[in-house]
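Me: I would like a careful, close look at one part of the structure below, with the cut-offs behind each term stated as they arise. Please begin from the question that follows it.

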Amino acid sequence: MAMPVEDSLDADALMMDLSFSPPKSKNHVLMGGPGCSREIPSSTADLLADLSLVEKEKTFTERYLSEREKLLRTFTNWSEYDQVDFMKQLLQQMCHYQHGQINSFLKPMLQRDFISLLPARGLSHLAESILSYVDAKSLCSCELVCREWRSVVAEGMLWKKLIERKVRTDSLWKGLSDKRGWQQYLFKSKDRLIQPILSTFAPGELPTDVGATEAQHRFYRKLYPDIERDIDTIESNWKCGRHVLQRINCHSENSK
Amino acid sequence: MIQLCSNDDPPVSFTVPRKAVELSKTIKTMLEDLEGFDMEQTPIPLPNVDAPTLELIVKWVEQHQDDPPPVEKPRVEDDDSDDSDADDDQEPEVVIPEWDKKFLPTDDEQKNQLFKLLNAANYLEIKPLLDIGCKYVADKISGQTVEWVRDYLNMENDYTPEEEAKLKEEIAWAEGL
């Protein structure tokens, strides 16, 4: 881990200083390891109360309270980088069920921060869920709404998802995807498709600043109207009688 | 019964059956983590939800508390999709039930209430509510002009005229759809 050596020494010294008993066990640190619940029976419950979203009457020991103050002061004087490292060290000292408690305390906190950053009345973070329901024409308009939405459409691979939805629900799309070979670009993960897709672009066709996601976005956005055109041609050929009937020898029951 | 508190000052509290409250994955997880505590006696503060929005949420979860739980992703039955790492989520078609159609704040002057409701459903992880809400908004913006969509969603055009012209050209084919 890249960090100044003095900081790690400081942190260690501090944790020793704050142990409840002689620092023979690594678990006896500030926030209470598994050993603490035996020696100080109330600490687990206190910890949980502290971690819950609810204010509860606290019964921390005097000693803990005074030491906590001291430690928090030291903590706030460190850089953010050092603080994160210190928390990592602390977390490593704790056991699995404590991690669970911290997780349940941390999760709503992260969600809260995430939400509070949003424009109060906006829906931009829900854009992907919303845009995954719209049709092709609307998807085009949505790309024009603003930069953010365009990047949602690109990052969310929404053109690919739209084509996949059509293939799942429309038998003509399904049949064509087999026959025309573009099925190979569907229903597979982004990472597996990036090479095949990049190879469909002629050398120099993509500007050099275009990343993998953007390249895939452009590929699917272009594929969509190609498929639509293909379907139009087939339908008009059929209607205008420009078709050739062929006899196919069938052996299977269900293809009669 | 579980008590939920809005973020207003003073907070407005709602008493909701535990079963209904558990439609929120966020709260369900929290209650499970706090197993052993008397959560009936401890109101749960919801720092992102105001009273009118919480009232809607409570109405919705009470209405839907007896819904069968959403089926865990059924394995794809199509024999041709053998890609185990396919990243498509096979969501079934979202249909907005009649009751929900009446429930959603759909008048244009209630637009902001609808957005607050969706934000709250997102924060509380109430997926079925989020799904129908997003579907509603998607239907609403479908077939509308770019300007209309921007105005409806309180968004600003941050493209330069050149970028906008270039993008319009790229998607010119959509005009014919």
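Of the 62 residues in the largest nonpolar core, which touch the most other members?

Reply: This is a predicted model, in which local features need pLDDT (the predictor's confidence in each residue, from 0 to 100) of at least 70, side-chain atom pairs count only at pLDDT 80 or more, and totals for chains, interfaces and linings use all residues. Residues are numbered from 1 along each chain as its sequence is written, while chains are lettered from A and ligands numbered from 1 in the order in which they are written.

The residues that touch the most other members of that 62-residue core are A:Leu131 and A:Leu139. A nonpolar core here is a set of buried Ala, Val, Leu, Ile, Met, Phe, Trp, Tyr and Cys residues joined through C-beta atoms within 7 Å; buried means that 20 or more other C-beta atoms lie within 10 Å of the residue's own, exposed that 12 or fewer do, and partly exposed in between, with C-beta atoms placed from the backbone. Leaving aside residues up to four places away in sequence, A:Leu139 touches A:Leu131, A:Val134, A:Val153, A:Leu158, A:Trp159 and A:Leu162, where contact means C-beta atoms, placed from the backbone, within 7 Å. In soluble globular proteins, nonpolar side chains tend to be buried together.

A:Leu91, by contrast, counts as exposed because it has 12 C-beta neighbours inside 10 Å. A:Leu91 lies in helix α5 (residues 80-92) of chain A, helices being DSSP runs of H or I with at least four residues and strands runs of E with at least two, numbered from the N terminus. From A:Leu91 to A:Ile102 the C-alpha atoms are 9.3 Å apart, across 11 residues of sequence.

Turning to where the two chains meet, 38 residues of chain A are in contact with 49 residues of chain B. Among the elements giving two or more residues to the chain B side are α5 (111-123), α6 (127-141) and α8 (161-170) of chain B. That side has 25 nonpolar, 13 polar and 11 charged residues, with Ala, Val, Leu, Ile, Met, Phe, Trp, Tyr, Cys and Pro counted as nonpolar, Asp, Glu, Lys and Arg as charged, and the others, Gly among them, as polar.

As for confidence, the model scores ipTM 0.79 and pTM 0.62. Chain B averages a pLDDT of 84, and 87% of the residues score at least 70, but over residues 76-88 of chain B the pLDDT is below 50. Where pLDDT is low, the predicted coordinates should not be read in detail.
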